[in-house]
Amino acid sequence: MSESASINNIIPRTDVVKRAARIGAEIRNIKLSGDLPDQIIAAIHDLLLEHKVIFFGDQGHLDDAEHERFALRLGKLVPAPTLSPTEGTMSMLELDSAAGGIRTDSWHVDVSFLDTYPKILVLRGVVIPSVGGDTVWSNTAAAYLDLPPPLQRLADDLRAIHTNAYDFAVIARPSAADKKFYDEMSATTIFETEHPVVRVHPETGERALVLGGYVKHFADIQKYDGERLFGLFHSHMIAPENTVRWNWKQGDVAIWDNRATMHYAVKDYRDQRRVVRRTAIDGEVPIGVDGRCSVMRKIIKQ
């Protein structure tokens, strides 16, 4: 379905409110469910490709089961590879600040340590702090376009190693409890995958940078040079003009294209509780500008 399908009264443009110039839109007057007509699902998909992340408020009617039924309309659900799904569901991952565990307050592409990381994520606010707890997304395709042509060509040629080893937790500034969680997670299975730094989006043809907190190093580049390169590209990816920030309310749903974004969950709510639940849609193996695919380099089962 073309973009015009979402304009021609399937989802009226008056119900699509941009939240930032380059990324993000709020979609109003839709009640998400697994029973939505095919035309609405297709229009939602078109809007997702256009805006990279889309938001739906007032979805308090969703429980875990209906959340999953809706997500299934977007593709095959996959469980988180290193974490247990919520009991009674196929792939629901709960992130509960009161329970400790995984931290998401660093810029990252979800599960990019796998060669086929999820293409779409559907996140629902369950318990939201009275103040704080926002999530910020960046448009990594826009960030690529911001690079001068010589840096684009450099990025096109680079490969990066992504891993779920403890490097990510270091970036996330873990507490002692968080560190214990990451140690236990890595002790089960360590993944290392080599991705192109620039992937070609399989549906839009856009080129998008693929970096974030799971990156361990660049292939064939010394650590010092790699750190400087990472910082250079990262600064474009998180430039304010390439980002959108969502102030959660209970029942809100955010859906993002994990192939063309990074995100950051702001941990500024102190002792307040924050619970969100997430489903992931199976993705494709990324392909670089040169046609080379991502490669799983290592799986270590402890």
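How many residues apart do E66 and R69 lie in helix 2? They are three residues apart, about one turn of the helix. Helices (H or I, at least four residues) and strands (E, at least two) are DSSP runs, numbered from the N terminus.

## About the model

This is a predicted model, in which local features need pLDDT of at least 70 and side-chain atom pairs count only at pLDDT 80 or more, while totals for chains, interfaces and linings use all residues. Residues are numbered from 1 along each chain as its sequence is written, and side-chain values use heavy atoms, with hydrogens and water left out.

## Salt bridges around helix 2

Let us stay with that opening pair. The side chains of E66 and R69 meet in a salt bridge, with 2.8 Å from N to O; the term stands for a side-chain nitrogen of Lys or Arg within 4 Å of a carboxyl oxygen of Asp or Glu. E66 is buried at a relative accessible area of 17%, whereas R69 is partly exposed at 36%. Here buried means under 20% relative accessible area, exposed over 50%, and partly exposed in between (1.4 Å probe, protein chains only).

R69 also forms a salt bridge with D35, where the closest N and O atoms are 2.7 Å apart. This pair links distant parts of the chain, 34 residues apart: D35 is in the loop between strand 2 (25-27) and helix 1 (38-51), and R69 is in helix 2 (residues 64-72). D35 counts as exposed, with 58% relative accessibility.

## More salt bridges

By this rule the structure has 24 salt bridges. One of them joins D156 and R207, whose closest N and O atoms are 3.2 Å apart. D156 lies in helix 4 and R207 in strand 11 (residues 207-209), so the pair ties together parts that are 51 residues apart in sequence. D156 is buried at 13% relative accessibility, while R207 is partly exposed at 34%. Elsewhere, R159, E194, D290, R292 and R297 are joined into one network by salt bridges that share partners.

## Nonpolar cores

A nonpolar core is a set of buried Ala, Val, Leu, Ile, Met, Phe, Trp, Tyr and Cys residues joined through side-chain atoms within 4.5 Å. The largest one has 28 residues, and those with the most contacts inside it are L147, A155, V197, L209, L211, F218 and F233. Two or more residues each come from helix 3 (140-146), helix 4 (149-157), strand 12 (215-218) and helix 7 (223-237). Helix 7 gives the largest share, three residues.

L209 is a good residue to inspect in the viewer. Not counting residues up to four places away in sequence, L209 touches T140, A143, Y144, L147, A155, V197, V198, F233 and M237, where contact means heavy atoms within 4.5 Å. Apart from the largest core lies another core, of 25 residues, with L32, I40, I41 and I44 among them.

## Strand 16 and its partners

Which residues of strand 16 are buried on one side and on the other? V275, R277, T279 and I281 are buried on one side, and V276, R278 and A280 on the other. Seven of the seven residues of strand 16 (residues 275-281) are buried, so the strand is largely enclosed by the rest of the structure.

Two strands pair if DSSP finds at least two bridges between them. Strand 16 pairs in the antiparallel sense with strand 4 (residues 77-78) over two bridges, with strand 5 (residues 93-96) over four bridges, and with strand 6 (residues 120-127) over seven bridges. V78 stands opposite A280, as does L121, and L95 stands opposite V276.

## S294 after strand 16

S294 is found in the loop between strand 16 and strand 17 (295-301) and is buried, with a relative accessible area of 7%. The side chains of S294 and H195 are joined by a polar contact of 2.6 Å. Such a contact is a pair of N or O atoms within 3.5 Å; within protein, one must be able to donate a hydrogen and the other to accept it, and residues adjacent in sequence count only if both atoms are side-chain atoms. Leaving aside neighbours within four places in sequence, S294 is in contact with D115, R159, T193, E194, H195, P196, V285 and P286.

## A three-stranded sheet

An open sheet of three strands has the order 13-7-15, with antiparallel pairing. Strand 13 (243-246) and strand 15 (261-265) stand at the edges, each with a single partner strand, so one side of each is left without a neighbour in the sheet. Strand 7 (residues 135-139) and strand 13 pair over four bridges, and W137 stands opposite V244 in strand 13.
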